[in-house]
Each structure stands twice: as structure tokens, then as C-alpha cells.
Amino acid sequence: MAFLMKGSPYGMDNTPIYEVDLEDGVVGKANLNGSILVQKGLDPLKQAEVIAHEDIHIRDIKDGLLSYDDDNVYFRTSADKPFKTFSRASMQEGDENLPWEKRAWKANKEFNKHNKA
């Protein structure tokens, strides 16, 4: 007789998070392999904010909405639409006006609203 589990009674986030030295001005990075890199030495509240931001990108990557390579970022608003290509050479990485950054920056604002000292 087989045992069928109908779902976990608790949520689980299995996103690996690594503290590393990132290039100047960068505090976080979402990788295509599903991991997050966070600048080493951030205070715990700032680190949590960075993770909340990068987690939006990780979810978009896992949902097939966001991808990138050395030259371009590829983004679409839903899985049934084609990707739009954005040249990395002609953008400011992390700019709040980039379409894939809008929800991530909204996550920053929500985080800060709920975590004011």
C-alpha cells in the first residue's frame, strides 16, 4: 500500500544564500542556478532586505520570466509571451525603472515599511 502526502504543513525556501565579496556598489545578485549572493559584512537588517529583493528575481527566474547572460537580460511578463531582450551595455544594472526591477524594488519598500527601527 502506498502512502500519499497531500502537501507540506509548512512552507520551505531552499534558496542557497552565500555571503561573498561582490564588486563595488553591488550588495546582492540572483544567479540562474537559483542561488543568491550577498555582500559579505552587511548588517543583518540590510542583508535581509537584499535577500528579499533578490528573492523576487529568483522567483522570476524559476517561473521562466527572467534570464540573463553576459551581454543581455531577457524578460517577459508572463510565460506565454516572448522574451524582450535588454542590452546590459546600455543599462544601469539595478535601475528601478527596468521592468524586472519594479517588483523587486517594491519588495524593498515593503520590507522597509515593516522593518523600521
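**A pocket and two sheets: a conversation**

Modeller: Happy to talk this one through; by class, the lining of the largest pocket has 10 nonpolar, 7 polar and 9 charged residues. Please keep in mind that this is a predicted model.

Biologist: Thanks! Which residues lie nearest the centre of the largest pocket?

Modeller: The space in this pocket comes to about 710 Å³. Its lining counts 26 residues. Those nearest the centre are Gly 28, Glu 54, Glu 93, Gly 94 and Glu 101.

Biologist: And which element gives the most to the lining of the largest pocket?

Modeller: Several elements supply at least two lining residues each: strand 2, strand 4 (66-68), helix 2 (102-114) and helix 1 (44-62). The top contributor, with 7 residues, is helix 1.

Biologist: Nice. Stepping back, what pattern does the protein follow along the sequence?

Modeller: There are 2 helices and 6 strands to place. Reading along the sequence, they come in the pattern β-β-β-α-β-β-β-α.

Biologist: Which strands stand at the edges of the sheet with the order 1-3-2?

Modeller: This is an open sheet of 3 strands with mixed pairing. Two of its strands have a single partner each, so one side of each lacks a neighbour in the sheet. Those edge strands are strand 1 (17-20) and strand 2 (28-30).

Biologist: How many bridges join strand 1 to strand 3?

Modeller: Strand 3 covers residues 36-39, and the two strands run parallel. One place to look is Tyr 18, which stands opposite Leu 37 in strand 3. The number of bridges joining strand 1 to strand 3 is 4.

Biologist: Now for the sheet with the order 4-5-6: why is one side of strand 4 and of strand 6 left without a neighbour?

Modeller: The sheet is open, has 3 strands and is paired antiparallel. Strand 4 and strand 6 (84-87) stand at its edges, so the reason is that each has a single partner strand.

Biologist: What is the bridge partner of Asn 72 in strand 6?

Modeller: Asn 72 belongs to strand 5, which spans residues 72-75. Strand 5 and strand 6 run antiparallel, joined by 4 bridges. In strand 6, the partner of Asn 72 is Ser 87.

Biologist: Last one: what percentage of the residues of the protein count as buried?

Modeller: To count as buried, a residue needs a relative accessible area under 20%. The protein has 117 residues in total. The share of them that counts as buried is 32%.

Conventions: Residues are numbered from 1 along each chain as its sequence is written. This is a predicted model: local features need pLDDT of at least 70, side-chain atom pairs count only at pLDDT 80 or more; totals for chains, interfaces and linings use all residues. Side-chain values use heavy atoms; hydrogens and water are left out. Two strands pair if DSSP finds at least two bridges between them. On a 1 Å grid over the protein atoms alone, a cavity is a set of points where a 1.4 Å probe fits but cannot get out, and a pocket is an open set with protein on both sides within 12 Å along at least five of seven lines; lining residues have an atom within 4 Å of a point. Grid points are joined across faces, edges and corners, and a volume is the space filled by probe spheres set on the points. Ala, Val, Leu, Ile, Met, Phe, Trp, Tyr, Cys and Pro count as nonpolar, Asp, Glu, Lys and Arg as charged, and the others, Gly among them, as polar. Buried means under 20% relative accessible area, exposed over 50%, partly exposed in between (1.4 Å probe, protein chains only).
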